[in-house]
Amino acid sequence: MDVIIDKGCGLDVHKETVVACVMGSGIKKEIRTFSAMTGDLLRMKGWLTDLGITHVAMESTGPYWKPVFNILEDSFEVILANARHIKNVPGGRQT
């Protein structure tokens, strides 16, 4: 399997929390939970920047992704994915 993204983050965005999972070259896989408040989202952005993350992926279901996207879009390549499409991708969400 070819590596396409060297350092990435997957986000699980909820109404009150955002769970971030980072992986990549030179990064130990780590999962952290942040509140959905602006200050905590900025703290998450700083953490991702410090790790050298280049790409962030999250589902675009519901309205909760929008503030997260707005904070991250100027620093990372943000990939929005439709949950219905992800479950059909090999390695994607299991039903």
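**Exercise 1.** Trp65 and Phe69 both lie in helix α2 (residues 65–72), 4 residues apart, about one turn of the helix. Classify the geometry of the ring pair Trp65 and Phe69.

*Solution.* The model is predicted; local features need pLDDT of at least 70, side-chain atom pairs count only at pLDDT 80 or more, and totals for chains, interfaces and linings use all residues. Residues are numbered from 1 along each chain as its sequence is written, and side-chain values use heavy atoms, with hydrogens and water left out.

Step 1. Rings of Phe, Tyr and Trp (its six-membered ring) pair if their centres lie within 6.5 Å; planes under 30 degrees apart are stacked, over 60 edge-to-face, the rest tilted.
Step 2. For Trp65 and Phe69 the centres are 5.8 Å apart and the planes stand at 80°, so the pair is edge-to-face.
Step 3. Trp65 has a relative accessible area of 16% and is therefore buried (under 20%; exposed is over 50%, partly exposed in between; 1.4 Å probe, protein chains only).

**Exercise 2.** Classify the pair Phe34 and Trp47, and place both residues in the chain.

*Solution.* Step 1. The structure holds 2 aromatic pairs. In the pair of Phe34 and Trp47, ring centres 5.8 Å apart go with planes at 45°, so this pair is tilted.
Step 2. Phe34 belongs to strand β3 (residues 27–35) and Trp47 to helix α1 (residues 38–51); the pair, 13 residues apart, links distant parts of the chain. Helices (H or I, at least four residues) and strands (E, at least two) are DSSP runs, numbered from the N terminus.
Step 3. Phe34 and Trp47 are both buried.
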